[in-house]
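Welcome! Take a moment to turn the structure around on your screen, and then we will walk through a few of its parts together.

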Amino acid sequence: MPRSKRAKVVHLTKTQKKGKELTLRLYANIRECIPQYPYTYVFSVENMRNNHLKDVRSQLANDSRVFFGKTRVMAKALGDSPSTEPYPGTSLLAAHINGPCGLIFSQRDPQSMLDYVSTFHPISYARAGTVASYSFTLPSGMLYTRGGEIPITEDLPLAHSLEPTLRKLGVPTRLEKGRVILDEEFQVCKEGEVLGSGQTTLLKMFGVAMAKFGVEVRAWWIKETGTVEVVEGAAQMNQKGNSGERIRDVEMDREDGDLG
């Protein structure tokens, strides 16, 4: 029987890498945006989530353009010294690009941008390495889907199929007539402690979201004057990082070039 032409084996060694192409596109797009917008902002991200960052981009789409990519490429596009900067003062802004951060080219003045980012704080499930924002304890007795976060009259009993998973995660539960029973209360986390993977799994299982996504403006460059304004406390914020959580470069949109 003849071999199907559809079942072709493609060796990974023969695939074309797009890393350099995407890097050059990111660099070119940033250079192109600098003269088109009166303000260029460096922003940092806390508790990074790709979907929330895309929400920021869509909400600013009418008058701004957002980049969240490789920090070295973004800093290089702004210039690492006065001799390499494309416009006066942009190299001063590049000094603030470190850690999980990005660029916003915008028509919005600084006060409008600061007002926007101060009100955008969606909540997500925590990941390992996040600091617990409050303590969470499972009450004794029959367990419910929200673990005591809401009144029992508004909640539902926890599915019996989850009981083995709870025991694997260290929760001393048992089954009684198809119900998950906890003989004594169990503290999942304490406020201020760094969460492990088991704790974050339990928090998500009971619908407890602790990670507050946030965008903080570090500094901005004003095209008209060629000056850079730094937000008070930005230096400390740059060193603080992102609560120990590992951040990966985000690919915002390959076609548009707003990528990581």
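## A three-stranded sheet

In what order do the three strands of the open sheet lie? The order is 6-8-7, with antiparallel pairing. Keep in mind as you look that this is a predicted model.

Strand 6 (141–142) and strand 7 (173–176) are found at the edges of this sheet. Each has a single partner strand, so one side of each is left without a neighbour in the sheet. Now follow strand 6 to strand 8 (residues 179–182): these two pair in the antiparallel sense over two bridges. Here you can find Gly141 opposite Leu182 of strand 8.

As background, strands of a sheet pair through backbone hydrogen bonds, either parallel or antiparallel.

## A hairpin to trace

Next, look at strand 11 (residues 214–222) and strand 12 (residues 227–230), which run antiparallel and are joined by four bridges. Pick out Trp221 and you will see that its bridge partner in strand 12 is Val228.

Between the two strands of this hairpin there are four residues. In the hairpin, Gly226 takes a positive phi near 70°.

## One face of a helix

Finally, find helix 2 (residues 50–59). Its buried residues are His52, Leu53, Val56 and Arg57. Why do they line one face of the helix? Seen down the axis of helix 2, the buried residues fall within an arc of 150°, so they line one face.

What covers these buried residues? The cover includes strand 1 (39–46), strand 2 (64–67), helix 5 (110–119) and strand 4 (123–124). Strand 11, which you met in the hairpin, is also part of that cover.

Conventions:
Residues are numbered from 1 along each chain as its sequence is written. This is a predicted model: local features need pLDDT of at least 70, side-chain atom pairs count only at pLDDT 80 or more; totals for chains, interfaces and linings use all residues. Side-chain values use heavy atoms; hydrogens and water are left out. Two strands pair if DSSP finds at least two bridges between them. Buried means under 20% relative accessible area, exposed over 50%, partly exposed in between (1.4 Å probe, protein chains only). The arc is that of the directions from the helix axis to the C-beta atoms. Contact means heavy atoms within 4.5 Å.
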